[in-house]
Amino acid sequence: IELKSGILNIFLRTGIVFTQVDLWLGLSYCDGKWNEVTVSKEGSVISATMNELREQALEPHVQQLKVNSPVYVGGIPPEIHSFYRELGLEQGFGGCMKDVKFTRGAVVNLASVSSSAVRVNLDGCLSTDSAVNCRGNDSILVYRGKEQSVYESALQPFTEYLYRVVALNEGGSVSSVWTNARTRESVPQNVPTPSRVHSINGYSIEVTWDKPAGVIGVIEKYILKAYEADGPTVPITSAELADAGMLTGVLMGLHPFTNYAVTLTACTLAGCTESLHALNITTPQEAPEDVQSPTAISFPTFLLMSWSPPKTPNGIITQYTLYMNGMPIYSGNGTKYVVKDLAVFTPHQFLLTACTLAGCTNSSQVTLFTAQLPPSHVDAPVLTVLDSRTIYVQWKEPVEVNGILDRYIIYMATNEQNFTKWNVIYNSTELFLDFTIPQLFPGTEYLIKLAACTGGGCSISEASAAITDESTPEGVPAPKAQSYASDSFNISWTKPEYPNGMITSYGLYMDGVLLQNSSQLSCYASGLAPWSLHSFRVQACTAKGCALGPLVEARTMEAPPEGMVDVFTTVSGSKEVQLKWLAPNKPNGKLTYTVLVSGLFYADQ
């Protein structure tokens with residue numbers, strides 16, 4: 001069915017039989033009012049009626065019409081144009097439709113039965129301001145001249161106009177067929193405020209509105225927007241409703257217990273307009289969201305519990321309930337609670353429930369421990385002497401740890417420091433139960449104690465004692481030999497730098513001969529020749545053996561020489577005498593000579 005140049009054309013093909021009915025309308029339909037068109041096939045008669053005009057055709061061979069495909073109203077989708085080229089297929093329908101019926105029966109609601117629609121108001125056109133006369137006799141001259149194109153302005157928006165061109169010369173005139181054109185829509189004006197807003201729940205609302213009056217064009221869609229009252233000018237959420245026939249929509253994505261201002265926006269192809277005023281609504285409360293797990297400050301026998309309000313309360317919190325190990329222990333509006341009479345370092349399960357008038361929400365469950373304390377008692381370590389320089393230390397884990405063992409520490413003191421200074425020789429978190437102490441001094445007594453530590457502190461055991469095995473001394477000193485008389489020495493020495501045990505005796509060697517063997521640190525040697533050279537060496541002994549110190553040499557003091565000095569003279573000239581002499585038998589020291597001469601001396605004149 002096509003309406004073209006004032007003619008309503010009906011083309012019907014059943015099988016191989018083709019039937020055409022043409023109903024001349026002229027411009028009678030172009031009066032701005034509704035026109036009723038009826039097309040029917042009754043047996044062999046095909047007819048077309050529009051208002052009071054009727055035309056029919058009789059085709060005896062026409063077959064029964066069976067419709068088993070989609071019905072297209074107003075045009076054909078571009079993708080199937082190639083299958084119906086014989087129809088010519090002008091520009092699609094450019095008017096408005098309503099009350100469409102197929103055969104006898106109820107009126108079909110195109111908005112509900114259509115599978116697709118493109119820029120069409122399926123409920124019919126909106127009210128028109130004035131009728132449009134497009135009859136030929138009432139047409140308006142738009143342009144006169146020799147140009148082949150013209151631009152016409154000041155037209156009404158979303159209005160269909162018919163145009164034809166008349167070519168004139170001195171011999172007469174010829175007219176073109178009428179062609180139609182429709183101006184575009186205008187942006188909607190005076191979009192009303194939503195008439196009713198109803199809360200579905202705390203997160204969505206149902207909005208109802210009236211169709212905007214005076215919209216020139218087809219409303220393509222409505223947009224609902226919600227703004228937070230006294231908040232930013234950017235909408236919190238919006239909903240786009242493409243079915244312009246619906247005057248009710250749901251706006252989701254809201255927050256419970258929040259004041260909103262709701263507006264309506266209507267859109268045509270030309271643009272959108274938002275209502276100047278908004279309808280206010282407060283969403284109802286909902287159960288809280290993001291309830292935070294409780295936290296605690298831990299003490300050995302109690303927990304100081306606290307919690308924060310839910311990140312999204314969704315209303316006014318009416319009550320908190322704190323559960324410990326599945327049992328409620330507190331209910332109220334507070335955010336702190338002390339849990340008393342607990343065991344040291346014991347785990348407990350806690351969960352918090354927050355409630356509004358709309359419902360309650362649980363936090364995730366959390367495990368909290370009471371605080372740690374130092375171990376109740378630490379046994380003294382067991383010491384095993386492996387050799388003269390190594391002690392093997394063993395210990396047991398404390399019976400009452402009072403927490404989680406964090407580390408063991410070994411302290412050591414020696415008799416060299418009178419056991420007053422304790423040094424840390426082992427500090428480890430690997431929680432081994434033994435340790436070997438190397439590089440000790442032989443024959444030395446050591447005190448060793450153990451500390452076991454938790455997060456609550458350390459407990460220290462009593463000290464255990466052990467003496468390393470003795471060894472031969474090391475660092476035996478050189479003796480000091482001092483002579484205060486020409487026939488004797490006073491010899492003294494100190495203890496070895498490393499005794500490596502208990503010194504049993506000291507031996508003093510003079511000139512390679514053992515002079516003294518005792519526990520004394522000194523010796524007196526006499527009956528020696530004056531200025532005589534002697535060597536000394538000290539030997540220190542433990543039960544494991546002896547060691548010699550370095551060799552030193554020293555002389556006795558000098559004494560007067562003993563014996564005569566024989567002098568021999570030889571005259572060398574009138575003025576010279578040469579003297580020679582022999583040393584005394586016992587010099588008793590380092591000799592110096594003095595020559596004394598007496599007599600008459602001559603001097604050169």
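E240 is exposed in this predicted model, with a relative accessible area of 55%, where buried stands for under 20% relative accessible area, exposed for over 50%, and partly exposed for what lies in between (1.4 Å probe, protein chains only). Its partner K221 is partly exposed at 23%, and the side chains of K221 and E240 meet in a salt bridge with an N to O distance of 3.3 Å, the term being used for a side-chain nitrogen of Lys or Arg within 4 Å of a carboxyl oxygen of Asp or Glu. The pair links distant parts of the chain, since K221 belongs to strand β13 (residues 221-228) and E240 to strand β14 (residues 237-241), 19 residues apart; strands here are DSSP runs of E with at least two residues, helices are runs of H or I with at least four, and both are numbered from the N terminus. Residue numbers start from 1 along each chain as its sequence is written. Because the model is predicted, local features need pLDDT of at least 70 and side-chain atom pairs count only at pLDDT 80 or more, while totals for chains, interfaces and linings use all residues, and side-chain values use heavy atoms, with hydrogens and water left out.

By the rule just given, the count comes to four salt bridges. Another of them joins R389 to E474, with the closest N and O atoms 2.7 Å apart. R389 lies in the loop between β27 and β28, whereas E474 lies in the loop between β34 (464-467) and β35 (480-485), so this pair ties together parts that are 85 residues apart in sequence. R389 is partly exposed, with a relative accessible area of 33%, and E474 is partly exposed as well, at 32%. R407 and D406 also meet through their side chains in a salt bridge, at 3.1 Å from N to O; R407 counts as partly exposed at 25% relative accessibility, and D406 counts as partly exposed at 34%.

The loop that holds R389 leads to a sheet, for β27 and β28 are found together with β31 in an open sheet of three strands, in the order β27-β28-β31 and with antiparallel pairing. Two strands are taken to pair if DSSP finds at least two bridges between them. The edge strands, each pairing on one side only, are β27 (382-387) and β31 (434-437), and the twist averages 20° from one strand to the next, as an angle between N-to-C directions that runs from 0 to 180 degrees, with axes fitted as lines to C-alpha atoms. Five bridges join β27 to the antiparallel strand β28 (residues 390-394), and D387 stands opposite T390 in β28.

Beyond the edge strand β31, the loop between β31 and β32 (445-454) contains Q439, which has a positive phi of about 55° although it is not a glycine. Most residues other than glycine have a negative phi. Q439 counts as exposed at 72% relative accessibility. A positive phi of about 55° is also found at D290, again not a glycine, in the loop between β18 (279-282) and β19 (295-298); D290 counts as partly exposed at 46% relative accessibility.

The structure also holds four disulfides, each a pair of cysteine sulfur atoms within 2.5 Å. In one of them C355 is joined to C360 with an S to S distance of 1.9 Å, and the link is right-handed, with 110° about the S-S bond. C355 counts as buried at 7% relative accessibility, whereas C360 is partly exposed at 47%. C453 and C458 form another disulfide, their sulfur atoms 1.8 Å apart; the torsion about their S-S bond is about 110°, so this disulfide is right-handed. C453 counts as buried at 2%, and C458 as partly exposed at 44%. A further disulfide joins C541 to C546, with 1.9 Å from S to S. C541 is buried, with a relative accessible area of 5%, while C546 counts as partly exposed at 43%. C523, by contrast, is in no disulfide, and the nearest cysteine sulfur, that of C541, is 15 Å away; C523 is buried, with a relative accessible area of 8%.
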